[in-house]
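User: I'm new to this and would like a close look at how one pair of helices fits together. Could you walk me through that part and then show me where it sits in the rest of the chain?

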Amino acid sequence: MDANKPSIAITMGDPSGVGPEVIVKSLNDETIYGKCRPFVIGDLKILKKALEVTNIQLELNGITQPEESKFKYGTIDVIDLDLVSEDLPWGAVSSVAGNAAFRYLEKAIALANEEKIQGICTAPLNKEALHKAGHIYPGHTEILAELTNTKDFAMMLSAPGLRVIHVTTHVGIIDAVNKINVDRQYTVIKLAHDTLQKAGIKSPRIAVCGINPHAGENGLFGNGEEEEKIIPAVKKAQAEGINVQGPLPADTLFFRARRGDFDIVVAQYHDQGHGPIKVLGLESGVNITVGLPIIRTSVDHGTAFDIAGKNIADELSLKEAIRMAIELAPEKIVKTI
């Protein structure tokens, strides 16, 4: 066991979705064990079903703490919370599965707060199931923020050649425009700058999307949102030495960023940022929560109930998320492993 490799907890997500399948497929890759010490937080019996569905021959090692793990290719170490029954159906929304997904994440956050792990990588949960279980959150990001007492955070998406960070995410478009303000705009610009600096980019080149077509075109479109909600934040960041430009028209900005003109794009709302990333390929996108005291990455796809349990789901996004968690993990050695 190499103590210099980061320990990464992989949460199973909704046990009725594709999470269990993509986890066992990902951990069937020996190269992952050469770079980190992975283990799963979930239900052992569901992972056993996933192994049967995928015809993958791996052993399951039930544990109660990370230090009990073997961290050896050929064996999947699992903190078994034993929250769902073996006959839980694939592809169905249920409060039982929604609660399990929440509890897996809750356990991972507790381990991170105890410094027993260096990163969390999450398989997808289902928001309807989560809400049925009484956990009223828009998604993973907001749960992580509340359970770590984090005020300033943002969702960053990464795909080959493009990084995007969001000012707003899971709200309707009218609500998103209303929620955008100078303080939030500046916070997200600063989070983008600080995150990329920590990743080794000395002076990150940041570009900020406009809200309206053509970034408002000097008041021709919209009601002055760019002048009111974006420009003051950009000027404040520039005065602090941050390399940021904007607002810029979104219809050309993502092309320019992919070409290499910028290191990251600040998107104003969910679809403005998610669309370009997903065009590049669902299988290669990674969701990263920035601003947290812990590292958290995730697949950039949902529970895919329509294909769950059919051995169709592609594991590449999860493998990319694990790779990103390894890359962003702090250098300090975990205390108890």
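Analyst: Start with V22, I23 and S26 in helix 1, which meet L318, K319 and I322 in helix 12; "meet" here is contact, heavy atoms within 4.5 Å. Helices (H or I, at least four residues) and strands (E, at least two) are DSSP runs, numbered from the N terminus. This is a predicted model, where local features need pLDDT of at least 70, side-chain atom pairs count only at pLDDT 80 or more, and totals for chains, interfaces and linings use all residues. Residues are numbered from 1 along each chain as its sequence is written, and side-chain values use heavy atoms, with hydrogens and water left out.

Sorted by class, the contact of helix 1 with helix 12 has four nonpolar, one polar and one charged residues. (Ala, Val, Leu, Ile, Met, Phe, Trp, Tyr, Cys and Pro count as nonpolar, Asp, Glu, Lys and Arg as charged, and the others, Gly among them, as polar.)

How do the two helices lie? The axes of helix 1 (residues 19-26) and helix 12 come within 9 Å and cross at roughly 65 degrees. Axes are lines fitted to C-alpha atoms, for helices over the stretch in contact, and angles run from 0 to 180 degrees between N-to-C directions. The crossing of helix 1 and helix 12 is right-handed, meaning that the near helix is turned clockwise from the far one by less than a right angle.

Now for the sheet. It's an open one of 12 strands, in the order 3-4-2-1-5-12-11-6-7-10-8-9, with mixed pairing; two strands pair if DSSP finds at least two bridges between them. At the edges sit strand 3 (59-63) and strand 9 (244-248), each pairing on one side only. From one strand to the next, the twist averages 25 degrees.

Further in, strand 6 (residues 154-159) and strand 11 (residues 286-290) pair in the antiparallel sense over five bridges. One of the residues involved is S158, whose bridge partner in strand 11 is V286. Back to helix 12 (residues 316-328): it packs on the sheet, touching strand 1 (7-11), strand 5 (119-122), strand 6, strand 11 and strand 12 (296-299). The direction of helix 12 makes about 165 degrees with that of strand 12.

Finally, zoom out: the chain has 12 helices and 12 strands. Its C-alpha atoms fill a box of roughly 60 × 40 × 35 Å, taken along the principal axes.
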